Amino acid sequence: MTATPALVEVEEAAPSSAPPTSGKRVLTRITRDKGALACLVFLAIVVLMAVAAPLITKISGWGPYQFDSAAINSDLGGVPHGALGGISGSHWFGVEPQNGRDLFARIVYGARVSITISLSATLLTGILGVVLGMLAGFYRGWVDQVISRLMDFLMAFPALIFMIAILSSLPSGNRPVLLVVVISAFGWPYLARVIRGQTMTLANREFVEAARASGAKDSQVVFREILPNLRGSIVVMTTLAIPGYIGTEAGLSFLGVGVSPPTASWGQMISSSVSWYSVDPMFFAIPGLFLFLTVLSLTVLGDKIRTLIDQGEAA
Amino acid sequence: MTRYVLGRLGGVVLILLAVCLFTYLIFFKLSPDPAVMICGKTCTPERIDSIRTVLGLNQPLLTQFWEFLSGIFAGRDYGSVHCSAPCLGYSFQTNESVWSMITARLPVSITVAVGAAVLWLLVGVIGGLVSAVKQGTWWDRSAMGLALGGVSVPNYVLALVLQYVLVVKLQVLPFPSAVSFVDNPAVWFESYLMPWVVLAVGYACLYARLTRSNVIDTLAENYYRTARAKGLSGALIMRRHALRPALTPITTIFGMDFAGLLGGALITETVFGLNGIGKMAADSIAKNDQPVIMAVTLLAAFFVVIGNVVVDLLYTALDPRVRVVSA
């Protein structure tokens, strides 16, 4: 879990690594928009939960794997004591039925899993998509043929079913890493396709020609001339991809091929709440709400950023 | 045009072959011991050995793959059991050929998929259209806000919420079950309603946003203004000049989404306990019944690849601009 802080930085740094003026403008415009600001604040809370999970659970008093048999009613098959799934001063979000694990602690640790996996997948997809997309768009010819056919092949697959197939046939091993690799393997073509198209147009522009004429090497042209012009699309595509990856991770864990118990993940929490939904609705409502709000916030923000960048380009 | 179609079909065959090989490699080369996986959790060493011989797992990879491929077209024998023509494999856990497991569950899956598709097309396209026409009004803003929310809610969460509110608390709907339409149309409708809604919501919201932006773009086109200036009636302009170009891309996306529906139906069918292909896949994952998972994967890929081609061909028929280029 040492990867978390570094990945969080990546997310924070992404908007500001865009051209300075537009990045700053996007940020100010977002903070002025009430809805977008609310999303930003919620996401900040989730990220904070993920980063400081051990500290937070120390304050709340219960760890994610601690059983509390006093909080559940063993006569009623393990339903939590008290209303609303056992919400009380000591269990802020109530407890899991049957074993009495603290839901708050599991949500906090689940945030860690969701954020780590989705941001790692975003990072890996971003690198693969940009590098391969630029290679295809810049060199064209057989390089483009190979990469494009590979993209067609991967995009022809029903990704969810294939991810399930791969994850279910692989030995358990390190699930989170497997999840990241599998999600990225099927995710990069969508970014690469856009990058490829834009690289092709950019490579024909006058400023690239000028750079070549003044003796720039391929690597200089790619990194100094083309890459900076792709920043806008990369930022937009990746922000819009993160909620998708969070949803995918949760869905795969929900289906039982993702993060394996006892590690908490929101999708896996919802999955284990299915058999309890009629007696203890809070058990699915709480992780469901967190998952929904996180995905919603990211979608709203991504949408906002796209609109702002599109406007910026049009102006 | 014929050459184009033939070329596409050739491509399809190649992609499907690649998909078969890829799937085969995943299941038989990536997993440490396929025979053990296929056999299930409680299994004797003798049975594992017999599965190994029956599947020919000791033979070279190419022979194995050829056996598998020819089985799809000509059927094959698993020891004493014969698996007839489209033989996608044999489940040693349920002792059934996978193809008959699939065909038995097909009606439920088709009902769920078609119902959801009708729902999301109607709601999405009409909602998006109204939003576009009333652009900027409170209706537009609330519909688009709702659409953002709908895109973000995972369908299993929505399924649980609906089930809790409508079935447990208010008791207005029965628990979904695979009632046949012929037996009782009213109950059939009631029991499929929630699965349809759950499966459709995400798509409906996406289509609403897409339709809206497409229609708004076409309303700004010059030919639309010309048509208005000529004094054509509002309804006619809407139909001929605004809707047709705006909806063509929707058709494309619909084709792809519908073809790829097996993935979405997997979760919906599982949550509602509807015994379709999706639930069969989920159950097989839980039991690690590899031949079934593999067959469903192949089937899903087949749908998507075929869906792609149908959409491309349809597109050339729908959009004259593309037709000129491809001819």
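Select residues 145-166 of chain B. In this predicted model, the span is 91% helix and 0% strand. Its end C-alpha atoms sit 24 Å apart.

Now move to residues 292-315 of chain B. Here the helix content is 100%, again with 0% strand. The C-alpha atoms at the two ends are 34 Å apart.

Both spans come from an annotation. The unreviewed UniProt entry marks them as "transmembrane region". To see the full set in chain B, add residues 9-27, 108-133, 186-206 and 246-272.

Zoom out to the whole of chain B. Count 14 helices and 4 strands. Along the principal axes, the C-alpha trace spans about 80 × 60 × 35 Å. Of the 327 residues in chain B, 39% are buried. Take the contacts in chain B between residues at least 6 apart in sequence: 65% of them link residues at least 24 apart.

Colour chain B by pLDDT. The mean is 81, and 95% of the residues reach 70 or more. Which elements of chain B have the highest and the lowest mean pLDDT? Select helix α5 (residues 98-133) of chain B for the highest, at 90. Then select helix α14 (residues 320-326) of chain B for the lowest, at 56. For the model as a whole, ipTM is 0.80 and pTM is 0.83.

Next, split chain B by its domain assignment. Give one colour to domain 1 (16-83) and another to domain 2 (99-322). The domain centres, taken over C-alpha atoms, are 36 Å apart.

Stay at the boundary between these domains. In chain B, 9 residues of domain 1 contact 11 residues of domain 2. On the domain 1 side, the elements giving two or more residues are α1 (2-30) and α2 (34-39) of chain B. Helix α1(B) gives the most, with 5 residues. What classes of residue make up this side of domain 1 of chain B? It has 7 nonpolar and 2 polar residues, with no charged ones.

Last stop: bring chain A into view and select its contact with chain B. Chain A supplies 35 residues and chain B supplies 39 residues. On the chain A side, pick out α7 (159-169), α10 (218-254) and α12 (282-314) of chain A. These are the elements that each give two or more residues to that side. Colour the chain A side by class. There are 27 nonpolar and 8 polar residues, and no charged residues.

Methods: Residues numbered from 1 in each chain as written. Chains lettered and ligands numbered in written order. Predicted model: local features only at pLDDT ≥ 70, side-chain atom pairs only at ≥ 80, totals over all residues. UniProt positions renumbered as here; feature names shortened; annotations may be inferred. pLDDT = per-residue confidence, 0-100. Contact = placed C-beta atoms within 7 Å. Nonpolar A, V, L, I, M, F, W, Y, C, P; charged D, E, K, R; others polar. Buried ≥ 20, exposed ≤ 12 C-beta atoms within 10 Å, placed from the backbone. Domains from an automatic or database assignment.
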